[in-house]
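Colleague: Could you walk me through how to read aromatic contacts and surface patches in a model? I would like the general idea and then the case here.

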Amino acid sequence: MTNTAHAPLIAYLDTQRPLPLLSAIALRTAVVLAKWSERQRTRKALGQLDDHLLRDVGLERHVAYKEARRMFWQG
């Protein structure tokens, strides 16, 4: 969700003049940290869903548990 919301903004930055090296590194670092943060939050929330909510999204408890246990840097 968040990734798609920011995609046009990041694409806009890529079409402009090349960023200075330090700015490009800072931007890429910020994007990676935002992705990691989102993964951590969504996986934590997934692990806290009860069975009827998991059924609503089409997941079984063991699949949700396995996904929730993944580390934030694992895509």
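Modeller: Happy to! Let's start with Trp36, which sits in helix H2, residues 21-48. Keep in mind that this is a predicted model.

Colleague: Is Trp36 buried or exposed?

Modeller: Between under 20% for buried and over 50% for exposed, a residue is called partly exposed. Trp36 has a relative accessible area of 31%, so Trp36 is partly exposed. Ile25, which also lies in helix H2, is partly exposed too, at 46% relative accessibility.

Colleague: How many aromatic pairs are there?

Modeller: Rings pair if their centres lie within 6.5 Å, and planes over 60 degrees apart count as edge-to-face. That rule gives 2 aromatic pairs. One of them joins Trp36 and Phe72, edge-to-face, with 5.2 Å centre to centre and 65° between the planes. Trp36 belongs to helix H2 and Phe72 to the segment after helix H4 (61-68), so this pair ties together parts that are 36 residues apart in sequence. Phe72 is partly exposed, at a relative accessible area of 27%.

Colleague: And which residue pairs with Trp73?

Modeller: Phe72 does, again edge-to-face: 5.1 Å centre to centre, with 85° between the planes. Trp73 is partly exposed at 48%. Trp36, Phe72 and Trp73 thus make up one aromatic cluster.

Colleague: Which residues form the nonpolar patch on the surface?

Modeller: A residue needs over 30% relative accessible area to join a patch. Here the patch consists of Val32, Leu33, Trp36, Met71 and Trp73, which together have about 470 Å² of accessible area.

Methods:
Residues are numbered from 1 along each chain as its sequence is written. This is a predicted model: local features need pLDDT of at least 70, side-chain atom pairs count only at pLDDT 80 or more; totals for chains, interfaces and linings use all residues. Side-chain values use heavy atoms; hydrogens and water are left out. Patches are made of residues with over 30% relative accessible area and no salt bridge: like charges are joined within 9 Å, nonpolar side chains (Val, Leu, Ile, Met, Phe, Trp, Tyr) within 5 Å. Accessible areas come from the Shrake-Rupley method with a 1.4 Å probe; for residues, only the protein chains shown count as cover. A salt bridge is a side-chain nitrogen of Lys or Arg within 4 Å of a carboxyl oxygen of Asp or Glu. Helices (H or I, at least four residues) and strands (E, at least two) are DSSP runs, numbered from the N terminus. Buried means under 20% relative accessible area, exposed over 50%, partly exposed in between (1.4 Å probe, protein chains only). Rings of Phe, Tyr and Trp (its six-membered ring) pair if their centres lie within 6.5 Å; planes under 30 degrees apart count as stacked, over 60 as edge-to-face and the rest as tilted.
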